[in-house]
Amino acid sequence: VNAMIKKLFLEGKIVTVNTELSFESAAEIALEYNYIADEEEKVDIIEELLKDEEDPEDSLSPRPPVVCVMGHVDHGKTSLLDAIRKTQVTADEAGGITQHIGAYVVKANDQRITFLDTPGHEAFTAMRMRGAQSTDIAILVVAADDGVMPQTVEAINHAKAAGIEIIVAVNKIDKESANVERVKQELTEYGLIAEDWGGSTIFCPVSAHTREGLDNLLDMILLTADMLELKANKNRLARGLVIEARLDKGRGPVATLLVQKGTLKVGDHIAIGEVSGRVRAMLDHKQRRLKEATPSTPVEIIGLNGVPNSGDIFLATKSEKEAREITDAFKTRGKENLILDTKRGMSLDDLFNK
Ligand code: GTP
Ligand code: MG
């Protein structure tokens with residue numbers, strides 16, 4: 001230790017016996033003493049706990065596609081979803097800007113499609129990333145009178161990074177200034193080339209206002225979903241993602257979950273990060289009570305002991321004990337990270353790289 005402190009001192013680095021060296025600095029020193037340093041592989045307990053075994057092929061059955069609607073602010077994402085659901089969400093929203101990810105199930109040709117509406121504001125980029133991860137197909141909404149805008153490009157990048165199919169919905173074709181061909185031309189730059197331009201991306205001209213093209217859009221979603229052969233095992237403990245969560249005055253923590261695998265049942269023990277609980281009641285997107293939710297179904301649940309983060313993985317567990325093991329691991333990691341952050345504040349790298 002003395003030799004090393006001296007050596008570092010001569011290099012102009014003032015350290016004590018308690019200073020933590022980064023792996024890189026330690027490896028450098030080790031090398032001078034003719035040792036090759038090996039970084040110890042840390043077993044991540046949380047990763048172990050959240051690990052998902054592949055379900056055997058014969059346990060899988062078809063599941064509905066999960067579709068997210070992405071695009072630039074005001075290009076008509078919510079209006080389009082409204083038109084598809086034939087309801088009115090935009091009207092109640094503050095300033096007509098979507099503040100959260102809503103989840104809805106729509107029936108088309110007797111098949112179910114789960115839609116996630118994602119906010120268009122730049123501030124919600126992180127949330128939208130999570131939105132993309134939970135999705136099979138992205139509907140990229142581009143206003144025909146406005147064309148490709150910064151968040152259109154952002155949405156394309158997220159969808160590509162997540163490896164999900166993109167269907168382009170060219171919206172607002174009822175407008176006089178609409179120019180579908182210009183949108184097609186602009187999107188070629190991002191590798192989205194329409195079939196009539198020699199590519200393979202599906203473009204659906206639509207109007208959320210006149211409802212023109214909506215049936216075609218739904219058909220194209222189902223066609224794409226068929227191609228993807230989406231399947232999941234519904235006969236196992238559920239797992240999936242938190243779409244959104246909040247504290248409700250009367251009901252306590254309320255979370256919207258997207259079941260991705262297995263079946264979530266009322267009474268199930270559940271763990272989500274540092275939060276756990278038991279599914280006391282479950283509501284579907286129309287606020288109807290449900291007893292069970294199968295893969296690709298979004299549900300609102302109550303019965304948690306806290307508000308989980310959106311984007312977190314939820315796991316139904318065999319017992320309360322198992323749920324608590326998971327939340328304990330998360331809590332421990334939370335504390336460790338805190339300690340690490342404080343320690344990092346005094347690391348050599350920090351001291352000398354400033
Ligand atoms: P954010 O959630 O803020 O990102 O917006 P959004 O993409 O959800 O857009 P929204 O549905 O709120 O629509 C924005 C505006 O465009 C509203 O004034 C809508 O009435 C209008 N709009 C949406 N679709 C159409 C359409 O097909 N035709 C016309 N003419 N206007 C539309
Ligand atoms: Mg919206």
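These legends go with close-up views of a predicted model.

**Figure 1. The whole protein, for orientation.** Ten helices and 17 strands make up the secondary structure of the protein. Of its 354 residues, 46% count as buried. Take the contacts between residues at least 6 apart in sequence: 70% of them join residues at least 24 apart. The protein exposes about 19,500 Å², and carbon and sulfur atoms supply 50% of that area.

**Figure 2. Where to go easy on the coordinates: residues 90–101 and 120–124.** The pLDDT averages 85 over the protein, and 85% of the residues score at least 70. Residues 90–101 fall below 50, and beyond near neighbours in sequence this stretch has 24 contacts in the model. Residues 120–124 are also below 50 in pLDDT, with 14 contacts beyond near neighbours in sequence. For the model as a whole, the scores are ipTM 0.98 and pTM 0.79.

**Figure 3. Helix α6, residues 150–161.** This one has twelve residues and runs 17 Å from first C-alpha to last, close to the 16 Å expected at 1.5 Å a residue. Which residues of α6 are buried? They are Gln-151, Thr-152, Val-153, Glu-154, Ala-155, Ile-156, His-158 and Ala-159. As a reading aid, an α-helix has 3.6 residues a turn, so residues three or four places apart point the same way. After α6 comes Gly-163, with a positive phi near 65 degrees.

**Figure 4. A nonpolar surface patch around Met-4.** Met-4 teams up with Tyr-33 and Tyr-35 to make a nonpolar patch of about 330 Å² on the surface. Met-4 itself sits in helix α1, which covers residues 2–10. Its relative accessible area is 35%, so Met-4 counts as partly exposed and clears the 30% cut-off for patch residues.

**Figure 5. Asp-110, a non-glycine with positive phi.** Most residues other than glycine have a negative phi. Asp-110 isn't a glycine, yet its phi is positive at about 65 degrees. Look for Asp-110 in the loop between β3 (102–108) and β4 (111–117). Is Asp-110 buried or exposed? With a relative accessible area of 72%, Asp-110 is exposed.

**Figure 6. Arg-211, in the loop ahead of α8.** Here's another residue that is not a glycine but has a positive phi: Arg-211, at about 70 degrees. The loop holding Arg-211 links β7 (202–205) and α8 (214–228). Arg-211 has 36% relative accessibility, so it counts as partly exposed.

Methods:
Residues are numbered from 1 along each chain as its sequence is written. Chains are lettered from A and ligands numbered from 1 in the order in which they are written. This is a predicted model: local features need pLDDT of at least 70, side-chain atom pairs count only at pLDDT 80 or more; totals for chains, interfaces and linings use all residues. Side-chain values use heavy atoms; hydrogens and water are left out. Helices (H or I, at least four residues) and strands (E, at least two) are DSSP runs, numbered from the N terminus. The expected span of a helix is 1.5 Å times one less than its number of residues. Buried means under 20% relative accessible area, exposed over 50%, partly exposed in between (1.4 Å probe, protein chains only). Contact means heavy atoms within 4.5 Å. Accessible areas come from the Shrake-Rupley method with a 1.4 Å probe; for residues, only the protein chains shown count as cover. pLDDT is the predictor's confidence in each residue, from 0 to 100. Patches are made of residues with over 30% relative accessible area and no salt bridge: like charges are joined within 9 Å, nonpolar side chains (Val, Leu, Ile, Met, Phe, Trp, Tyr) within 5 Å. A salt bridge is a side-chain nitrogen of Lys or Arg within 4 Å of a carboxyl oxygen of Asp or Glu.
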